[in-house]
Amino acid sequence: MQHYSGFGLLKHSLSHHENWQRIWRNPTPKKKYDVIIVGGGGHGLATAYYLAKQFGVTNVAVIEKGYLGGGNTARNTTIVRSNYLWDEAAHLYEHSMKLWEGLSQDLNYNVMFSQRGCLNLGHTLQDMRDIERRVNANRLNGIDGEVLDAQQVKEIVPILDCSSDRRYPVMGASWQPRAGVARHDAVAWGFARGADAHGVDLIQQTEVVDFIIEDGTVIGVKTDRYGEIRADRVGCVVAGNSSVLAAKAGFELPLESHPLQALVSEPIKPILDTVVMSNHVHGYASQSDKGDLVIGAGIDGYTGYGQRGSYGTIEHTLQAIVEMFPIFSRVRMNRQWGGIVDTCPDACPIVSETPVKNLFFNCGWGTGGFKATPGSGNVFAASLAKGEMHELAKPFSMFRYHNGALVDEHGAAGVAH
Amino acid sequence: MLHIYCPHCCEYREEEEFHAKGQAHIVRPLDPDACTDQEWGEFMYFRKNPRGIHHELWVHAAGCRKFFNVTRNTQTYEIKEVYKVGEKPTIVAE
């Protein structure tokens with residue numbers, strides 16, 4: 001792998017930047033791998049990267065039906081934070097946050113991770129009590145956080161309407177200074193380049209159409225383009241399509257897939273240098289380095305696999321944004337799109353063994369998967385390498401819906417699901 | 001925007017008047033005390049999530065507030081059929 005550096009940039013400028021190495025190969029798959037990862041999004045590529053780099057399992061294929069990072073990785077609002085209430089979730093997301101902090105250096109690829117902080121606003125007395133509880137829980141878990149009053153919020157975000165005569169006045173907020181945003185495409189590309197450099201085969205434009213299961217043990221997958229490919233272990237990281245794949249393996253997951261929309265505005269001058277989220281009016285916004293406002297809100301009420309979302313949800317989203325930021329009322333929206341999020345009944349992911357031996361699923365991240373990309377990949381890679389779940393992943397077993405040990409994070413993170 | 005026919009009001013209305021309530025035809029175990037943890041967990045949480053034909057329970061929340069069933073394609077969003085609770089769908093997935 002060609003190392004990226006300032007010197008390299010200078011050197012390549014002498015040949016008009018025409019001789020850069022391709023950042024990953026486009027190999028024909030082998031007949032057999034140690035591990036096959038189904039799904040080449042952020043989580044799948046991160047899994048492959050850590051499998052090869054940290055756990056020394058390099059005979060790995062990532063099989064992606066479209067192109068790398070073309071699913072939910074390309075369809076989110078890029079927010080990274082770890083201010084979760086329950087210990088299990090807080091530990092998992094904080095594990096991810098720590099990996100984010102060194103990720104660009106680790107990958108030798110600029111993922112544009114920007115720790116600009118994240119505010120979760122409170123609009124009622126109950127919101128403020130929840131915020132105090134969550135911030136205290138975070139601090140007990142060693143995660144940074146502060147409770148701010150309306151005046152302090154106003155100092156951080158001067159354009160936010162903090163006047164007390166609003167219908168939903170801003171009473172305060174939780175503030176996580178280490179939170180921020182990252183460049184979503186660069187995250188996928190950086191992990192793909194890193195995985196490829198360690199020998200992982202990235203197989204694009206190839207759909208896994210079925211599993212090969214013998215005596216309750218998975219021994220490979222069937223693909224539409226290369227036929228059967230064998231593997232000792234198979235990890236599925238396919239977000240919205242998890243239920244469809246699980247059905248092929250012969251079991252059900254407690255998932256419902258919904259479209260989740262995001263919008264970006266026309267680029268405007270720098271005006272918002274942090275992330276603002278509100279559970280109560282239910283919208284969130286940040287400004288990208290390019291200048292466009294990146295806006296998101298809730299999922300569509302009904303299940304669906306259409307990557308666009310419903311009109312009513314757009315209206316609700318923008319109502320929330322204008323409630324918080326009247327100054328944005330005339331900003332035009334450039335684009336709107338949807339991703340398919342697989343939501344769990346307790347709003348926490350499933351990183352788990354399954355009823356089929358050697359088949360593992362990493363899914364159910366709902367509306368909050370992007371922030372977990374490195375951490376999810378890391379713990380899933382550890383689990384695939386050893387054949388047993390990583391300590392941080394154990395509470396997220398799919399069998400928790402049978403034994404009742406749910407990690408019910410609805411709203412506890414400061415944004416509804 | 002979906003236009004949904006309410007079989008109680010006998011009218012087409014916009015989706016904003018309705019709420020989706022998840023999978024239809026979920027039968028509560030007749031003897032809950034005799035359920036294993038697995039059976040109870042599956043009744044509570046495990047749902048069909050097909051890419052295609054799906055039977056759903058909806059409520060006309062801002063209208064007559066009555067529940068009814070919808071057969072809908074989750075990929076194209078086409079509503080195939082609307083029928084009352086207790087009735088059987090005529091269109092089912094292959």
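Throughout this passage a residue is called buried if its relative accessible area is under 20%, exposed if over 50% and partly exposed in between, as evaluated with a 1.4 Å probe on protein chains only. The model is predicted, so that local features are restricted to pLDDT of at least 70 and side-chain atom pairs to pLDDT 80 or more, whereas totals for chains, interfaces and linings use all residues. Residues are numbered from 1 along each chain as its sequence is written, chains are lettered from A and ligands numbered from 1 in the order in which they are written, and side-chain values use heavy atoms, with hydrogens and water left out.

Two residues other than glycine have a positive phi. Asn108(A), with phi near 50 degrees, lies in the loop between helix 4 (103-107) and strand 4 (118-122) of chain A, where helices (H or I, at least four residues) and strands (E, at least two) are DSSP runs numbered from the N terminus; because its relative accessibility is 15%, Asn108(A) counts as buried. His17(A), with phi near 55 degrees, is found in the loop between helix 1 (6-13) and strand 1 (32-38) of chain A and is partly exposed, at 40% relative accessible area.

Aromatic pairs were assigned to rings of Phe, Tyr and Trp (its six-membered ring) with centres within 6.5 Å, planes under 30 degrees apart being stacked, over 60 edge-to-face and the rest tilted. This rule yields 18 aromatic pairs over all chains. One of them is the edge-to-face pair of Tyr401(A) and Phe46(B), at 6.3 Å centre to centre and 90 degrees between the planes, which crosses from helix 11 (residues 400-403) of chain A to the loop between helix 1 (37-45) and strand 4 (53-59) of chain B. Tyr401(A) is buried at 1% relative accessible area, and Phe46(B) is likewise buried at 7%. Ring pairs also link Tyr4(A), Trp20(A) and Tyr109(A) into a cluster.

Within chain A, helix 3 (residues 87-101) and helix 10 (residues 373-386) pack with axes 7 Å apart at an angle of about 110 degrees, the axes being lines fitted to C-alpha atoms over the stretch in contact and the angles running from 0 to 180 degrees between N-to-C directions. The two helices are therefore roughly perpendicular, a class that spans 65 to 115 degrees, with angles under 35 roughly parallel, over 145 roughly antiparallel and the rest oblique. In contact (heavy atoms within 4.5 Å) are residues including Leu92(A) and Trp100(A) of helix 3 with residues including Pro374(A) and Val379(A) of helix 10.
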